[in-house]
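Q: Please take a close look at one helix of this model. I would like to know what surrounds that helix and how its residues are placed.

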Amino acid sequence: AAGAVAPYRVVLLGASGVGKSLLARLLCGMDEEQDTDVVSDDTYERTLMVSGEEATLQVLEGYQQNDGEDETLVQSEDVCIIVYSIAERASFERAVDMHAQVRSTDSGENLPVVLVGNKSDLVRSREVSLEEGRDRASALDCKFIETSAALQHNVRELLEGLVRQLRPRGAVG
Ligand code: GDP
């Protein structure tokens, strides 16, 4: 039954200003005719089907800890999205650092990670090419997608990719 399965947690990490809040809201369907629960300022929920079971997806914008701490707080059941802006090389470098941080923790060692190049609409200010993002992700063994949260481009594809990364769980309690 609904609610019997612990929520799946998706944690968004990335430099400030890359679009995490907007992506979190879109991933939870704030733009759709969909019941989105705003759990707190930085956590959103939606209900969806995972492997034929109704499940709750919780999207957190990081853990809002001190700088550099978020990456060390991932839990082994999380799925991690690391976001950068294709128009800001420094945010790409930050994303790569964050990935290394996540992987260096016990719980982050084997976590599914999706590297997301957001703001793909900013074609004239692009500083990180599609190929570079994709190559880096494949070297780091992450999934990769470019999105434009502003134009809602590829956000649905990102969500579908995430759902495929979720490992079905037994009911709790
Ligand atoms: P956060 O600090 O990572 O949570 O970033 P926000 O979600 O607050 O977004 C920072 C700014 O970037 C806001 O002004 C957003 O409207 C803008 N923004 C977010 N996504 C996109 C995008 O895909 N394209 C463009 N052009 N702007 C975006």
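A: The answer below starts with the whole chain and then turns to helix α1.

This is a predicted model, in which local features need pLDDT of at least 70 and side-chain atom pairs count only at pLDDT 80 or more, while totals for chains, interfaces and linings use all residues. Residues are numbered from 1 along each chain as its sequence is written.

The protein chain has four helices and seven strands; helices (H or I, at least four residues) and strands (E, at least two) are DSSP runs, numbered from the N terminus. From that terminus on, the order of elements is β-α-β-β-β-β-α-β-α-β-α. Of the 173 residues of the protein chain, 36% count as buried, a term for residues with 20 or more other C-beta atoms within 10 Å of their own, where 12 or fewer means exposed, anything in between is partly exposed, and C-beta atoms are placed from the backbone.

In α1, the buried residues are Lys20, Leu23, Ala24, Leu26 and Leu27. Seen down the helix axis, they fall within an arc of 165°, so they line one face of α1; the arc is that of the directions from the axis to the C-beta atoms. Leu26 counts as buried because it has 23 C-beta neighbours inside 10 Å. The buried residues of α1 pack against β1 (8-14), β3 (43-50), β4 (53-61), β5 (79-85), β6 (113-118) and α4.

The axes of α1 (residues 20-27) and α4 (residues 155-165) come within 10 Å and cross at roughly 70°. Axes are lines fitted to C-alpha atoms, for helices over the stretch in contact, and angles run from 0 to 180 degrees between N-to-C directions. The crossing makes α1 roughly perpendicular to α4, since angles of 65 to 115 degrees count as such, with under 35 roughly parallel, over 145 roughly antiparallel and the rest oblique. Leu23, Leu26 and Leu27 of α1 meet Val155, Leu158 and Leu159 of α4, contact being defined by C-beta atoms, placed from the backbone, within 7 Å. By class, this contact has six nonpolar, no polar and no charged residues; Ala, Val, Leu, Ile, Met, Phe, Trp, Tyr, Cys and Pro count as nonpolar, Asp, Glu, Lys and Arg as charged, and the others, Gly among them, as polar.

Helix α1 also gives the most to the shell around the ligand, with three residues. Of the 16 residues around the ligand, Gly19, Lys20, Ser21, Ala149 and Ala150 come nearest; a residue is near if its C-beta atom, placed from the backbone, lies within 6 Å. Just after α1, Gly29 takes a positive phi of about 80°.

Definitions and conventions: Two residues are in contact if their C-beta atoms, placed from the backbone, lie within 7 Å.
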